[in-house]
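Hi,

Here is the structure I said I'd pass along. Have a look at it first, and my notes follow underneath.

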Amino acid sequence: MYKGVAMFTYIKKHWNIGKQIYGTHSWREFRRDVLHTTRVLRHKKEMELFESYFDSYSADPTLLKRQPGLYELMSRTFLYKGSTPKSRLKDICEHFNYLANVFTPKAIQSIYVDEQNFDYHDKNRGILLFSDKSLDINARLYFEPGQRKEGLMTILLQLGNQGIYHANIRYAKGLKGEASLIIGTIQGYKDGLENAKHLTKSMFGYRPKNFIVFLCRQLAIHTNVQSIYAISDAGFYANNHMVRGHKSKVAELNPIWEESGGEVCTDVRFYKIPLEELRKPIEDIKSQKRSQYRKRYKLLDQYMVQINENLKLYLK
């Protein structure tokens, strides 16, 4: 009798959590709630460990209550292809453990604001990494509920009030157990091509796509990460989804990683990216472009100093 009541309470609890995540206004939302509840019932042990972890999370014991969408990471194949509830539980714990080791509790609370109060129009959310008023650009670190499929934090590059590129990232233990940052995806924004062209010109030929990788590297360096990994096309969680009976490829990430000096790992779902960007020596650059590269390197050096100073406010 007691077990039956306990199970009913468990199902009811997760049914309500599913409604918080997906809503209740359409058949599609109802179906997702059913699937969520069914899956967490099937993996009850992992779910209990997941909840127990956040109950004892000293940096912010209320984090899971404020971010119920994190439950979805335990019921869907997110983060990378072939992930399981057990592997995702490990990934989540590794990320938040590392976060608590390097960031102050106040910083963590700034990154993970209450999900129900999250303002998608707020351009000053989270932590400021850098800003350049002369170019009207800035980058911020925060967690956006809608981006949890590929990572547990987001770096957003903005021109004025418009997003240019964002990277979804998380901390983890690397393939050799080392402290690592994993880039789950890099994505541009709809109708952002003209803004990207404008920013490329303003940054002396440095493309925003490369700049967002630069920002990931800077965060990794200043939070004492030893390696950077990135999810390959083969490892992207949605590249094996079926759309109208056919496998859908929704991301093409490999060219970005290879351009950044990345090499495919033995686990082909991942690339390993050099921690520091390789700069061309000035003497190896064509004479007519040397001035442009000098100005670019000087600009990036200025941003590196600013990122270091800004992050000091939030690191232990």
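**Tyrosine 142 and what surrounds it**

Tyrosine 142 has a relative accessibility of just 2%, so it falls in the buried class, for which the cut-off is under 20%. Bear in mind that this is a predicted model.

Two partners of that ring are worth a look. Phenylalanine 118 forms a stacked aromatic pair with tyrosine 142, at 6.4 Å centre to centre and 25° between the planes. Phenylalanine 118 sits in the loop between α7 (105-111) and β1 (127-132), while tyrosine 142 belongs to strand β2 (residues 137-142), so the pair ties together parts that are 24 residues apart in sequence. Phenylalanine 118 is buried too, with a relative accessible area of 11%. The other partner is arginine 125, which lies over the face of tyrosine 142 at 4.7 Å from the ring centre.

Tyrosine 142 also turns up in the contacts of threonine 154. Leaving aside neighbours within four places in sequence, threonine 154 touches Arg140, Leu141, Tyr142, Gln147, His166, Ala167 and Asn168. Threonine 154 is part of strand β3 (residues 153-159) and is buried, at 1% relative accessibility. Which side chain does the side chain of threonine 154 make a polar contact with? That would be asparagine 168, at 2.8 Å.

**Other aromatics**

The count of aromatic pairs comes to 22. One of them joins phenylalanine 50 and phenylalanine 54: with ring centres 5.3 Å apart and planes at 75°, the pair is edge-to-face, since angles over 60 degrees count as such. These two are 4 residues apart in helix α3 (residues 44-55), which means about one helical turn separates them. Both are buried. They also belong to one aromatic cluster, formed by Phe50, Tyr53, Phe54, Tyr57, Tyr71, Phe96, Tyr112 and Phe143.

There's another arginine over a ring as well: the charged end of arginine 296 sits over tyrosine 293, 4.3 Å from the ring centre.

**The whole protein**

Zooming out, there are 11 helices and 10 strands. The radius of gyration is 21 Å, close to the 20 Å that the globule rule gives for 316 residues, so the protein is as compact as a globular protein of that length. The C-alpha trace spans about 80 × 45 × 40 Å along its principal axes.

Buried residues account for 51% of the 316. Of the contacts between residues at least 6 apart in sequence, 60% join residues at least 24 apart. The accessible surface is about 16400 Å², with 52% of it belonging to carbon and sulfur atoms.

Cheers

Key
Residues are numbered from 1 along each chain as its sequence is written. This is a predicted model: local features need pLDDT of at least 70, side-chain atom pairs count only at pLDDT 80 or more; totals for chains, interfaces and linings use all residues. Side-chain values use heavy atoms; hydrogens and water are left out. Buried means under 20% relative accessible area, exposed over 50%, partly exposed in between (1.4 Å probe, protein chains only). A polar contact is a pair of N or O atoms within 3.5 Å; within protein, one must be able to donate a hydrogen and the other to accept it, and residues adjacent in sequence count only if both atoms are side-chain atoms. Contact means heavy atoms within 4.5 Å. Rings of Phe, Tyr and Trp (its six-membered ring) pair if their centres lie within 6.5 Å; planes under 30 degrees apart count as stacked, over 60 as edge-to-face and the rest as tilted. A charge sits over a ring if NZ of Lys or CZ of Arg is within 6 Å of the ring centre and within 35 degrees of the ring normal. The radius of gyration is taken over C-alpha atoms; the globule rule is 2.2 Å times the number of residues to the power 0.38. Accessible areas come from the Shrake-Rupley method with a 1.4 Å probe; for residues, only the protein chains shown count as cover.
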